[in-house]
Amino acid sequence: MPQGSVLGPLLYLLYTGDLPTTADSTTATFADDTTILTTHKDPAIATHRLQTNLNEIQLWLKKLCIKANEMKSVQVTFTLRKNMCSPVHLNNKQLTQTDDVKYLGIRLDQKLTCHKHISTRSKQLGLKLCKLYCIIGQKLQLFLENKLLLYTAILKPIWTYGVQLWGSASKSSIEILERFQSKVLRIITDALWYVPKAVKIRDLQVLLDRQEVRNYSATY
């Protein structure tokens, strides 16, 4: 089937619907992105469980004539301890061990602090703001309501994606987003640098990013 066809996703799900799983592991799939999760207090046992499932998947891949890209596959140990899991292999090739992994647009670091995810989102927001500056800046005299609408419709969805999961991040991490929010609101209102953030928040009747995160997480 050609890529992007209507039947493509359905046929792929039918073809890969019997992906091997084990009782000691959890399998998460989204299209062709697959994650295998194993947990245990002993890193050696967690590694053994993961390798057992990978061995079954390796036989399954060979049977169905599917080639997995080992170069794009990584192994991450999520723990607060110093002990790390031993390397695992797929198709007789050792998987790269990393400190974080990106899955469905969310960066999961080793200690699940979500700091790296928020930092990455902050950089994306900065690049997007540069493209929008000629519209929401003082050179183009849009109505304040329209500038605020652009912020809500284009910039805000970038950092709110997955907030239900990373909303428990530390205060210092969320302050990264609040500093960006303060910068955008100053550009939108053309306010002077010494105008307090609280005044801009009050006049525009918007919530602090900290409050937005708390609301999303509580609802979830």
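This is a short dialogue on reading the fold and the nonpolar cores of a predicted model.

Student: Where do I start: how many helices and strands does the protein chain have?

Tutor: Start with the inventory. Here you'll find 8 helices and 8 strands.

Student: And what does the radius of gyration of the protein chain tell me?

Tutor: Hold it up against the value for a compact globule with the matching residue count. For 220 residues that would be near 17 Å, but this protein chain has 23 Å. Its C-alpha atoms fill a box of roughly 65 × 45 × 30 Å along the principal axes.

Student: What share of the residues is buried?

Tutor: Buried means under 20% relative accessible area. By that cut-off, 34% of the 220 residues are buried. As for the accessible surface, it comes to about 14,600 Å², with 58% belonging to carbon and sulfur atoms.

Student: Which residues have the most contacts inside the largest nonpolar core?

Tutor: Look for buried nonpolar residues joined through their side chains. The largest such core has 25 residues, and Leu125, Leu129, Tyr151, Leu155, Trp159, Trp166 and Val184 have the most contacts inside it. At least two core residues come from each of α3 (115-136), α4 (144-160), α5 (163-166) and α6 (171-189). The largest share, 8 residues, is from α6.

Student: What does Leu125 touch, leaving out residues up to four places away in sequence?

Tutor: Leu155, Ile158, Trp159, Leu177 and Phe180.

Student: Which residues does the second core include?

Tutor: That separate core has 12 residues, including Leu19, Trp60, Ala68 and Val88.

Technical notes: Residues numbered from 1 in each chain as written. Predicted model: local features only at pLDDT ≥ 70, side-chain atom pairs only at ≥ 80, totals over all residues. Heavy atoms only, no water. Helix = DSSP H or I, 4+ residues; strand = E, 2+ residues; numbered from the N terminus. Rg over C-alpha atoms; globule rule 2.2 N^0.38 Å. Buried < 20%, exposed > 50% of the residue type's maximum accessible area, 1.4 Å probe, protein only. Areas by Shrake-Rupley, 256 points an atom, 1.4 Å probe, with all protein chains shown as cover. Core = buried A, V, L, I, M, F, W, Y, C linked by side-chain atoms within 4.5 Å. Contact = heavy atoms within 4.5 Å.
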